[in-house]
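Hi there,

Here is the structure I promised to hand over. Have a look at it first, and my notes follow straight after.

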Amino acid sequence: MPLCLSRLRHLLAPVPRQVIQRRAAASWAAAVADHARSGLHAAALTVFRRVLAAHPAAAADELAYSALLRCRDDRLAYQIHAQACRRGLAASNPVLACSLLAFYSSARSDHPAAAKLFDEMTRRDAVSYTAMMSAFLRAGEWAQALALYPRMLAAADAAPPTERTFAILLALCASRQLCRHGRQLHAQLLRWGADLNLVLKTALVHMYSCCGFMACAHAVLCSTPKTDVVLWTAMISGYSRTGDLQSALQMFRHMELAAVPPNAFTFAGIITACSSSSGHPPGGFQAGRQLHA
């Protein structure tokens with residue numbers, strides 16, 4: 001009986017105002033984030049502006065800020081960045097900082113602003129390093145993107161690279177000039193015993209095929225039984241790029257035997273191989289007509 005009375009007193013006790021404000025902030029942030037994740041950007045902005053007018057303290061939440069940055073509203077993003085700087089969140093909050101990095105690198109293509117924000121961050125994790133690499137990749141700054149990788153490994157507080165990190169770095173190395181770096185990344189993945197999932201396998205196949213090393217790309221394809229349409233298409237496109245029609249057709253047949261349905265990009269790759277063969281070996285025109293049929 002005393003226990004029940006104690007619990008009843010606890011339930012009936014007045015809730016402190018700070019607790020109510022924290023709960024309100026969390027609720028409004030969740031509402032804004034839910035709309036933004038669902039692609040309802042206009043609704044997310046409407047909810048945020050209404051809350052901002054009625055409860056300014058509740059609206060100033062870093063999770064809500066991060067969600068709103070997905071709406072790609074330039075004016076609002078600059079306001080969020082300014083407010084975050086005033087509250088000391090831009091450099092200290094990794095979630096908000098990475099959202100700002102993504103905004104500057106993708107929506108505005110403003111990699112100098114992204115680099116400045118990155119340098120001001122007090123804590124950098126694998127996500128922030130990867131976001132900055134992605135910003136440099138979009139800007140065509142290959143050397144700066146690759147230079148971040150050894151910095152990331154040397155950082156005492158940085159988490160290990162993620163599959164997204166390696167996918168971006170391998171995309172950077174998809175050329176003859178940078179293939180040596182791609183081979184080193186592949187060797188590191190094998191040395192660390194990383195699971196070559198479909199994301200990493202596709203990135204490696206794309207890198208090797210763009211460099212013209214189709215034997216290496218085929219070895220990656222066969223390294224594990226995991227395949228999907230994107231991986232098969234990357235192989236077919238690689239053989240198409242090198243003008244090897246027979247190997248491209250063979251990959252297409254293996255894909256059909258694996259019960260993986262082709263998509264439009266697969267057909268585009270195999271038809272390109274047929275058109276670029278120029279009769280050497282013969283049969284490219286006939287194979288293309290069969291695919292058309």
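I168 is a buried residue, since its relative accessible area is 4%, and under 20% counts as buried. Please keep in mind throughout that this is a predicted model. I168 sits in helix α12, which covers residues 163–172. Beyond its neighbours up to four places away in sequence, I168 touches T130, M133, S134 and L137. The C-alpha atoms of I168 and A203 are 8.3 Å apart, with the two positions 35 residues apart along the chain.

One of those partners, T130, is worth a look of its own. T130 belongs to helix α10, residues 126–139, and is buried as well, with a relative accessible area of 6%. Its side chain has a polar atom 2.6 Å from the backbone oxygen of A126. Setting aside residues up to four places away in sequence, T130 touches T162, R164, T165 and I168.

Now for the overall picture. The protein has 19 helices and zero strands. Of its 293 residues, 41% count as buried. Among contacts with a separation of 6 or more, 59% are made by residues 24 or more positions apart.

The largest nonpolar core holds 80 residues. Within that core, L96, L101, M132, L204, M207 and M235 touch the most other members. As background, nonpolar side chains in soluble globular proteins tend to be buried together. To take one of the core residues, L101 is in contact with A114, L117, F118, M121, S128, A131 and M132, leaving aside neighbours within four places in sequence.

Next, the helix packing around α14. How are α12 and α14 arranged relative to each other? Their axes lie 9 Å apart and the packing angle is about 10°. That angle makes α12 roughly parallel to α14, because anything under 35 degrees falls in that class. On the α12 side, E163, F166, A167 and L170 take part, and they meet V199, L200, A203, L204 and M207 in α14. Two of these α14 residues, L204 and M207, also appear in the list of core residues that touch the most other members.

Helix α14 packs against α16 too: the two axes come within 9 Å and cross at roughly 5°. These two helices are therefore roughly parallel to each other. Here L198, K201, T202, V205, S209 and C210 in α14 meet V230, L231, A234, M235, G238 and R241 in α16. M235, on the α16 side of this pairing, is another of the core residues listed above.

S209 is a good residue to zoom in on in this region. S209 lies in α14 and counts as buried, at 2% relative accessibility. Leaving aside neighbours within four places in sequence, S209 is in contact with M214, A217, A234, G238 and R241.

What about charged pairs: how many salt bridges does the structure hold? There are two. One joins K116 and E120, whose closest N and O atoms are 2.6 Å apart. The two residues are four apart in helix α9 (residues 111–120), so about one helical turn separates them. K116 counts as exposed at 53% relative accessibility, while E120 is partly exposed, with a relative accessible area of 39%.

The other salt bridge is formed by the side chains of D195 and K226, at 3.4 Å from N to O. D195 lies in the loop between α13 (179–191) and α14 (198–211), and K226 in the loop between α15 (214–223) and α16 (229–242), so this pair ties together parts that are 31 residues apart in sequence. K226 is partly exposed, with a relative accessible area of 36%.

Finally, a loop residue. L178 is located in the loop between α12 and α13. Is L178 buried or exposed? L178 is buried, because its relative accessible area is 17% and the cut-off for buried is under 20%. Leaving aside neighbours within four places in sequence, L178 is in contact with W142, L146, L172 and C173. For L178 and L146, which are 32 residues apart along the chain, the C-alpha atoms are separated by 9.9 Å.

Happy browsing, and best wishes!

How values were computed. Residues are numbered from 1 along each chain as its sequence is written. This is a predicted model: local features need pLDDT of at least 70, side-chain atom pairs count only at pLDDT 80 or more; totals for chains, interfaces and linings use all residues. Side-chain values use heavy atoms; hydrogens and water are left out. Buried means under 20% relative accessible area, exposed over 50%, partly exposed in between (1.4 Å probe, protein chains only). A polar contact is a pair of N or O atoms within 3.5 Å; within protein, one must be able to donate a hydrogen and the other to accept it, and residues adjacent in sequence count only if both atoms are side-chain atoms. Contact means heavy atoms within 4.5 Å. A nonpolar core is a set of buried Ala, Val, Leu, Ile, Met, Phe, Trp, Tyr and Cys residues joined through side-chain atoms within 4.5 Å. A salt bridge is a side-chain nitrogen of Lys or Arg within 4 Å of a carboxyl oxygen of Asp or Glu. Axes are lines fitted to C-alpha atoms, for helices over the stretch in contact, and angles run from 0 to 180 degrees between N-to-C directions. Angles under 35 degrees count as roughly parallel, over 145 as roughly antiparallel, 65 to 115 as roughly perpendicular and the rest as oblique.
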